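Visitor: I am new to this structure and would like a close look at a single part of it. Could you take me slowly through one helix and its surroundings?

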Amino acid sequence: MTQHPDFTLVCGGGGVWGVAWMTGLANGLASAGVDLRDAATFIGTSAGSVVSTQLARGLDLERLFARQTNPAQQPREPVPDASNMSRLMELIRGRWHDERQRRTAMCKAALEASTIGAAERRVNIKERLGLQDEAWPSRPLYITAIDAETMELTVFDGGSGVSVIDAVAASCAVPGVWPPASINGRRYIDGGVSGTSDNALLAAGARRVLILSPAGNSDGSAFGGASRLAEEVARLEESGATVVAITPDEQSLNARVFGVLDPASRKPAAVAGKAQARAEVAALAHLWARSGEDDPR
């Protein structure tokens with residue numbers, strides 16, 4: 001793999017379906033000569049924390065694709081409790097006076113819900129990642145989560161003194177559906193509760209940014225918060241970055257019929273993502289230019 005020193009990859013939230021879609025997309029892009037594992041910096045939120053960790057660690061893309069599409073290789077994915085899912089949907093559709101009220105409701109639901117145990121969830125996350133160890137990659141990787149007490153965004157990296165498994169478990173702790181992750185005496189929940197499914201502004205300062213956004217500009221993409229993808233892209237471009245954002249096409253969105261947290265969505269989402277990659281290569285040509293060539297800006 002060849003590192004692109006000025007290239008940052010942002011992977012957003014989108015549940016089990018989003019993991020599969022981004023995995024298929026990465027596999028398809030690599031077949032066309034765009035290997036996302038070559039990024040210099042990785043940023044991941046929720047589902048994106050899984051995919052960005054796998055790419056930053058340089059895992060084999062064909063194997064990752066098979067783990068989404070081949071039932072014999074798929075990691076165990078528990079189906080969320082139906083009553084917890086109903087409560088989550090109520091929260092997502094809720095009308096909030098302000099951002100603080102929304103986050104308060106999300107954190108309260110996360111802390112009070114009856115879910116599987118945190119230890120069991122950690123095992124699920126470790127299996128989902130498919131890593132042989134718990135080490136952080138050598139390249140910068142930033143994983144987002146929300147402190148359930150302060151409601152503030154926390155960003156974990158290799159210098160945080162936290163296992164990458166625990167960081168991903170925190171980022172994927174969907175409020176009210178999966179248990180908060182306990183790290184150094186504090187509890188953390190899904191990074192998408194920040195109000196954006198992508199947290200793309202963490203890429204500020206990068207020259208080239210690719211955002212894989214399963215939620216895109218859909219309503220309620222960030223647990224009831226307004227989608228901010230367009231706003232984040234505009235702000236990055238204003239800072240001088242060249243930005244490309246990829247959102248799911250119609251075929252990929254159709255795989256959501258199973259529900260974004262339902263394991264049944266994995267194969268159709270991964271296959272659709274791989275097929276969509278063919279249509280995205282041209283848009284990435286200027287972004288993927290090797291460092292040292294003429295700056296496309």
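Within what distance do the axes of helix 1 and helix 2 (residues 47–56) come, and at roughly what angle do they cross?

Guide: A word on the model should come before the answer. This is a predicted model, in which local features need pLDDT of at least 70 and side-chain atom pairs count only at pLDDT 80 or more, whereas totals for chains, interfaces and linings use all residues. Residues are numbered from 1 along each chain as its sequence is written, and side-chain values use heavy atoms, with hydrogens and water left out.

The axes of helix 1 and helix 2 come within 8 Å and cross at roughly 30 degrees, where helices (H or I, at least four residues) and strands (E, at least two) are DSSP runs numbered from the N terminus. Axes here are lines fitted to C-alpha atoms, for helices over the stretch in contact, and angles run from 0 to 180 degrees between N-to-C directions. The crossing of these helices is right-handed, a word used when the near helix is turned clockwise from the far one by less than a right angle, with left-handed kept for anticlockwise. On the side of helix 1 the contact (heavy atoms within 4.5 Å) is made by G15, G18, V19, M22, T23 and A26, and on the side of helix 2 by A47, G48, V50, V51 and L55. By class, these residues divide into 7 nonpolar, 4 polar and no charged, with Ala, Val, Leu, Ile, Met, Phe, Trp, Tyr, Cys and Pro counted as nonpolar, Asp, Glu, Lys and Arg as charged, and the others, Gly among them, as polar.

Just ahead of helix 2, S46 is found in the loop between strand 2 (39–45) and helix 2. S46 has a positive phi of about 55 degrees although it is not a glycine, and S46 is buried at a relative accessible area of 7%, where buried means under 20%, exposed over 50% and partly exposed in between (1.4 Å probe, protein chains only).

Helix 1 (residues 15–31) has another partner in helix 10 (residues 266–284), against which it packs at an angle of about 45 degrees, with the axes 6 Å apart. These helices are therefore oblique to each other, a label for what is left once angles under 35 degrees count as roughly parallel, over 145 as roughly antiparallel and 65 to 115 as roughly perpendicular. Here, too, the crossing is right-handed. Among the residues that make this contact are W17, W21 and L25 of helix 1 and A269, G273 and A277 of helix 10, and by class the contact has 11 nonpolar, 5 polar and 3 charged residues.

Helix 3 (residues 61–69) brings these elements together, for what covers its buried residues includes helix 1, helix 2, helix 6 (118–129) and helix 10. Because 7 of its 9 residues are buried, helix 3 is largely enclosed by the rest of the structure, and F65 and R67 are among the buried ones.

Finally, the largest nonpolar core has 54 residues, and those with the most contacts inside it are L9, L36, F156, L210 and L212; such a core is a set of buried Ala, Val, Leu, Ile, Met, Phe, Trp, Tyr and Cys residues joined through side-chain atoms within 4.5 Å. The largest share of this core, 8 residues, comes from helix 1.
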